[in-house]
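Student: I am new to this structure and would like to learn how its features get their names. Could you walk me through it?

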Amino acid sequence: MGYMLNGTDFEADEEGYLTDLSVWNPDLALLIAQSEDLEMNDERWEVVNFLRSYYDEYQVAPAIRVLTKALAKTMGPDKSSNEYLYTLFPYGPAKQACKIAGLPKPTGCV
Amino acid sequence: MADAVNPEAAKPAMPAAAPPKAPTAGATAAAKPAAPKKDYSAYIIAKGQPVPSPTEIPQFKCGAMSDSKPFVAKSEHQTPLGFPGELVDNWQEKAVAKMGDLLGKYRSLQVYMDSCIKCGACTDKCHYFLGTGDPNNMPVARQDLFRKVYRRYFTTAGKWFPKLVGAEDFTEKVLDEWYTYFHQCSQCRRCSVYCPVGIDTAEVSMAAREIMDHVGKGQKYSNEIIGKVFKVGNNLGLPKKAIRSTLDGLEEEIKEETGLDVRLPLDEVGAEIMLVTPSADLFAEPHIQGLIGYAKVFHQAGISWTLSSHASEAANFGMFIGSYENMRNVSLRIREAALELKVKRLVFGECGHAWRVAYSFLNTLAGPFDFLDPRYPIPQHIVEFTVDQINKGNLRFDKSQNDKYRLTFHDSCNVARGSRMGDVEGGQFEFPRQILRATCNHFYDMAPETIKEATFCCGGGGGLLTDDLMDLRIKGAQPRMRAMQQVAQDHGVTHLAAICAICKAQFTKVMPAYGFKMDAILSVHQMVANAIVLDGSIQAKALDQKLAAPQIGNA
């Protein structure tokens, strides 16, 4: 599968993760979110932005705990639990949010 | 907050714009295969309703799982493991040759092929059969997918009278069946416990996957992960910098909680112990809570330890794909790291199949470990280490910290049936329970036919813990989940503790289908982390004060 945005085709793997991470842009994020039946709101953008800046520095997605701690700082402690993240991304913050952020899927026993 | 909601914040190079909320016209996601929504609502048992037996034999549903196939590995996942990138032209010839090679190398495989007496003892022992009703998931039927090809090419009767002896050509249809049903076996070995002639279906499954890999039909999930271990050092692909940063965060957290400097060292030369743990312990919940537990136990024991970035993975998916070479190459990293860090002891974290590889195969794969201290087990399990500390009276617990949990324990298959712990029979069953009883006031075992050597797989083991097999995973979890539903009704059990990264990740995903919350799965060392009272900690002072204070009612 892939994504078509303004006449350009963006390649993705079987599960909808972009194969070329460098092509990501906010419009593409919206489109990926839409294909996941999610509407982007401020909270979801907050997560996606954090994932991207973390990835920039560490070349990998952050541990859930790192993500929730970072969100506690910016969004308040009530919006920082793993459970809350699942309300934002029902299929899991690590996997679904990474897809929207244009990052590779976390692999392994997760 | 303006910055926080700005999608450009992470990428300053992009033109600044308000965050879009809806896709622009002309944006489409290319046809996504429309997966029919599965209905699992029948799996939730209402309060007071009888829970069906975990071992209840289902009606046959022929072909029910014939469409279940994991994604096939692409060339970039295959070649780093030494396998062809795609299905080779002469695959049939190659596959038969590889089968001959394996039959010669592993005499056990030949014995398994010849010794089945079709007694039927295994038929209702597989969780995937019980959960799906697909007759091909009866262990004997799964073996027969392999056996019919074996008979055709390696037995006289099969060569001359194939139809009479159930022999079949290795056609593309058969290869397709193999790919489907050998990826519906989690190599948990429950069936082998009941087989009167001792056939181990896991070995047959491994051999089948090895043959498929050798003709270019590998499974993406497992093979991509093994490639990451070779490239970065662990299944998740966590580079050293990310590991250190996560460990720093945990040290801060523990300091805040206890007031103590509990260290989580990485690549520290000269440490006494090297801890090899699944990389999920550095990433996922509840895994990471277990890591906090290990660190606290090491701290209290006063023994120096370290993690290694080179051997930052306990898991060894080389076993799942039946590849000796890949299993060895993953294992060798542990030897290299132990030598480099000049450690004296090797301890493994909570990972089921890693412990089987470590306990049963490590010495022949990557030994001899004659440079380690022979006074300690080589290797040792973290559960064994903690039990030893408990027995020595070195650990103090405040069990009331875990009073919000009513616990049961899930024996992970590779620990239960593929290894042991300590020098007592059944140590692998008793040690984790001893820890839970020491740290938690409410512990109840599930039905005896579902625990210890009869334990049911979580439904995601053996390289099947992948989203493309989610339907299989949910159905395969049914026997374990029914056993848990029983103790939930009978004893008010709320949580399940485990010592395997795969089990923990699997239960997080499948428990909601059975009416439990996703965080109803816990790490065993999470219970330790919650209850342990470290010397000199905030908790120790509070507990001492409480004990010193006059008891209410005595005044």
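**The sheet and its neighbours**

Tutor: Gladly! In chain B, 3 strands form an open sheet in the order 6-7-8, with parallel pairing. This is a predicted model, where local features need pLDDT of at least 70, side-chain atom pairs count only at pLDDT 80 or more, and totals for chains, interfaces and linings use all residues. Residues are numbered from 1 along each chain as its sequence is written, while chains are lettered from A and ligands numbered from 1 in the order in which they are written.

Student: What makes strand 6 and strand 8 of chain B edge strands?

Tutor: Strand 6 (407-409) and strand 8 (521-523) each pair on one side only. Strands are DSSP runs of E with at least two residues, and helices are runs of H or I with at least four, numbered from the N terminus.

Student: How do you know that strand 6 of chain B pairs with strand 7 of chain B?

Tutor: Pairing requires that DSSP finds at least two bridges between two strands. Strand 6 and strand 7 (residues 495-498) of chain B are joined by 3 bridges and run parallel, so they meet that definition. In this pairing, B:Phe409 stands opposite B:Ala497.

**The hairpin in chain A**

Student: What joins strand 1 of chain A to strand 2 of chain A?

Tutor: There are 4 bridges between strand 1 and strand 2 (residues 8-11) of chain A, and the two run antiparallel. They form a hairpin with 2 residues between them, and A:Asn6 in the turn has a positive phi of about 45°.

Student: Which side chains of strand 1 of chain A are buried?

Tutor: A:Tyr3 and A:Leu5 point to one face and are buried, while A:Gly2 and A:Met4 point to the other and are not. A residue is buried if 20 or more other C-beta atoms, placed from the backbone, lie within 10 Å of its own; 12 or fewer make it exposed, and in between it is partly exposed.

**Core and domains**

Student: Why is the largest nonpolar core said to lie between the domains of chain B?

Tutor: Domain 1 (51-218) and domain 2 (226-531) of chain B both give residues to this core, so it lies between them. Those bounds come from an automatic or database domain assignment. A nonpolar core is a set of buried Ala, Val, Leu, Ile, Met, Phe, Trp, Tyr and Cys residues joined through C-beta atoms within 7 Å. Among the 192 residues of this core, B:Leu436 and B:Ala497 are included in the group that touch the most other members.

Student: What is B:Leu436 in contact with?

Tutor: Beyond its neighbours within four places in sequence, the contacts of B:Leu436 include B:Phe409, B:Ala497 and B:Met527. Contact means that the C-beta atoms of two residues, placed from the backbone, lie within 7 Å.
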